[in-house]
Amino acid sequence: MLLGTRPVFKRREYLRPSYTPENLPHRDEQIHQLARILVAPLRGETPSNILLYGKPGTGKTATVNHVVKELEKVESRAPMKIRVIYVNCEVVNTQYRILATLSDVLLESLKNSRGEEFLESIDLPSKVPRTGWPTDEVYKSLLRVLDQEPQLAVIILDEVDKLVQKSGDEILYHLTRMNSSLKSSKVSIIGISNDTNFLEYLDSRVRSSLGEEEIIFPPYNGSQLQDILRERAEMSFADGVVESGVIQLCAANAAREHGDARRALDLLRVAGEMSETDGSEKITIGHVRKAYERIEQDKTVEVIKTLPAQSKLVLYSVVLLAERTPKAIVSGEVYGVYQDLCRKHRLDILTPRRVGDLISELDMLGIITAKIVNRGRYGRTKEVALNVHPIQVQAAVQEDFSLRGEVLQLSAFPARS
DNA sequence: AATCCACAGGAAGCCCGGGAAC
DNA sequence: GTTCCCGGGCTTCCTGTGGATT
């Protein structure tokens with residue numbers, strides 16, 4: 001930031017995805033629904049399991065966090081303890097580890113309130129080992145800890161769809177039926193899913209118990225996104241720095257992308273950062289455009305970075321050829337350069353067959369375009385064109401490929417005839 | 001009309017790591 | 001612990017393609 005320039009940001013963190021706002025515009029209905037369901041067991045009713053679903057960035061996690069905070073505020077007046085356990089199933093993604101995580105959290109809090117000796121006296125460990133126990137043993141100990149003191153355990157399973165994809169729905173079956181095995185405590189499961197068709201993958205018994213209550217989060221539309229952005233902009237930026245039209249543009253962009261509020265907020269934040277590096281005192285529509293490009297670019301670099309080494313090499317071969325010649329690039333040439341690269345870096349050389357598949361995969365990802373052409377006498381082949389800027393590829397490939405400072409020179413390859 | 005280039009892309013099977021079952 | 005099974009990455013082998021060339 002330049003000296004003497006007024007800072008654009010007041011509190012940048014309010015625009016970060018990790019921040020949960022006090023106020024969630026256009027989610028009142030969902031908040032009330034969720035709160036109503038969660039409060040019921042405190043009045044003695046059997047808790048329901050809840051499934052929340054909606055596209056990414058529609059405020060599912062934020063809503064849950066919000067309601068949970070409210071719930072914890074009223075805990076002192078509630079007839080039983082309220083324990084909220086959050087599990088992100090993308091990280092903790094096996095049956096065993098989920099059960100172990102849940103047990104550990106509960107054991108920890110029991111240890112804090114009653115002391116370690118108490119745990120020993122009733123033959124409970126202070127921690128479930130990361131591996132080693134039979135799964136049903138962990139399950140039994142979870143039930144026992146829960147019943148040590150009357151409590152309402154709210155188990156939040158974020159990204160459950162990922163869990164089911166990876167480990168099946170058995171764990172959900174057990175979790176949703178825990179209430180019938182508990183004497184004094186109650187359990188409420190909240191599943192959060194990005195996948196709207198998620199329920200269809202489930203066993204019918206699980207489906208009916210997890211989907212007892214469903215809350216749907218529709219995508220935000222343009223004007224709703226504007227409301228959200230305006231509120232956050234107010235909190236994050238200095239007064240009057242956001243030029244008119246900026247909010248609208250950010251909202252419109254995100255509305256096109258399935259009403260993803262996270263995307264919209266990112267866009268606004270990056271636009272702010274853009275104006276900051278410009279040394280500007282205002283955030284303009286131009287900054288939003290730049291921010292958009294930047295985010296798109298970062299996305300492709302990210303995709304390339306996560307490619308397997310061999311694919312990177314193939315892609316890099318295309319880049320080298322594209323820089324070398326304006327002519328159409330043909331798969332055979334790509335393979336030639338690829339071989340050279342492999343030899344140079346002492347990597348195994350894959351067969352042309354496999355490299356052909358890798359080229360197709362890159363095509364699917366949109367990084368390159370490959371189309372089949374018949375060149376008569378000169379055979380049938382694939383013409384390959386690069387869809388991203390060579391610089392982006394270099395940035396992504398060279399970093400972790402450990403090209404060991406040995407920058408690949410174009411001159412290292414013989415000119416093609 | 002026949003030929004032939006330079007591959008595309010299907011089928012089958014190998015190899016290996018990881019998880020489940022015994 | 002061992003065995004079994006599965007899936008993904010990869011190779012080998014193969015057949016197919018269609019227009020420029022002969």
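Just after helix α10 comes H258, and its phi is positive, near 60°. Most residues other than glycine have a negative phi. H258 is not a glycine, yet its phi is about 60°. This histidine sits in the loop between α10 and α11. The model is a predicted one. How buried or exposed is H258? H258 has 14 C-beta neighbours inside 10 Å, so it counts as partly exposed.

Now step back into the helix itself. Helix α10 covers residues 246–256. Its buried residues are V246, I247, C250, A251, N253, A254 and A255. What do they pack against? The partners are α9 (222–236), α11 (261–278) and α12 (285–305).

A second residue has a positive phi without being glycine. This is R346, with phi near 55°. R346 lies in the loop between α14 and α15. Its surroundings are sparser in count: R346 has 6 C-beta neighbours inside 10 Å, so it counts as exposed.

Next, the overall layout. The domain assignment divides chain A into domain 1 (28–217), domain 2 (225–304) and domain 3 (307–412). Between the C-alpha centres of domain 1 and domain 3 the distance is 48 Å.

Turn to strand β4, residues 186–193. Eight of its eight residues are buried, so β4 is largely enclosed by the rest of the structure. Both of its faces are covered. On one side the buried residues are K186, S188, I190 and I192. On the other they are V187, I189, G191 and S193.

Which strands pair with β4? Strand β1 (residues 50–54) does, in the parallel sense, over four bridges. In that pairing, L52 stands opposite I192. Strand β3 also runs parallel to β4, joined by six bridges. Here L152 has K186 as its bridge partner. Strands of a sheet pair through backbone hydrogen bonds.

Look closer at I156, a residue of strand β3 (residues 151–158). Why does I156 count as buried? It has 22 C-beta neighbours inside 10 Å, and the cut-off for buried is 20 or more. Setting aside neighbours within four places in sequence, I156 is in contact with V64, V84, I85, Y86, V87, I190 and I192. Two of these, I190 and I192, appeared above on one face of β4. S188 is on that face as well. The C-alpha atoms of I156 and S188 are 8.5 Å apart, although 32 residues separate them along the chain.

Y96 offers another case. It belongs to helix α3 (residues 95–114). With 19 other C-beta atoms within 10 Å, Y96 is partly exposed. Beyond its neighbours within four places in sequence, Y96 is in contact with T135 and V138. W133 is 37 residues away from Y96 in sequence. In space, the C-alpha atoms of Y96 and W133 are 8.9 Å apart.

Another sheet is open and has three strands, in the order β6-β8-β7, with antiparallel pairing. Strands β6 (329–330) and β7 (368–374) stand at the edges, each with a single partner strand, so one side of each is left without a neighbour in the sheet. Two bridges join β6 to β8 (residues 380–386). V330 stands opposite E383 in β8. A helix lies across part of this sheet. Helix α15 (residues 352–364) crosses β7 and β8, and runs at about 125° to β7.

Finally, the DNA. Which residues come nearest to DNA strand B? Of the 13 residues around the strand, these are S331, G332, G379, R380 and K382. Several elements contribute to this surface: α14 (331–344), α15 and β8 each supply at least two residues. By class, the surface near DNA strand B has three nonpolar, six polar and four charged residues.

DNA strand C has its own surroundings. They are Q310, L350, T351, R353, R354, N374, G376, R377, G379 and R380. How do these residues divide by class? One is nonpolar, five are polar and four are charged. G379 and R380 are named around strand C, and G379 and R380 are also among the residues nearest to strand B.

How values were computed
Residues are numbered from 1 along each chain as its sequence is written. Chains are lettered from A and ligands numbered from 1 in the order in which they are written. This is a predicted model: local features need pLDDT of at least 70, side-chain atom pairs count only at pLDDT 80 or more; totals for chains, interfaces and linings use all residues. A residue is near a molecule or strand if its C-beta atom, placed from the backbone, lies within 6 Å of it. Ala, Val, Leu, Ile, Met, Phe, Trp, Tyr, Cys and Pro count as nonpolar, Asp, Glu, Lys and Arg as charged, and the others, Gly among them, as polar. Two strands pair if DSSP finds at least two bridges between them. Two residues are in contact if their C-beta atoms, placed from the backbone, lie within 7 Å. Axes are lines fitted to C-alpha atoms, for helices over the stretch in contact, and angles run from 0 to 180 degrees between N-to-C directions. Domain bounds come from an automatic or database domain assignment. A residue is buried if 20 or more other C-beta atoms lie within 10 Å of its own, exposed if 12 or fewer, and partly exposed in between; C-beta atoms are placed from the backbone.
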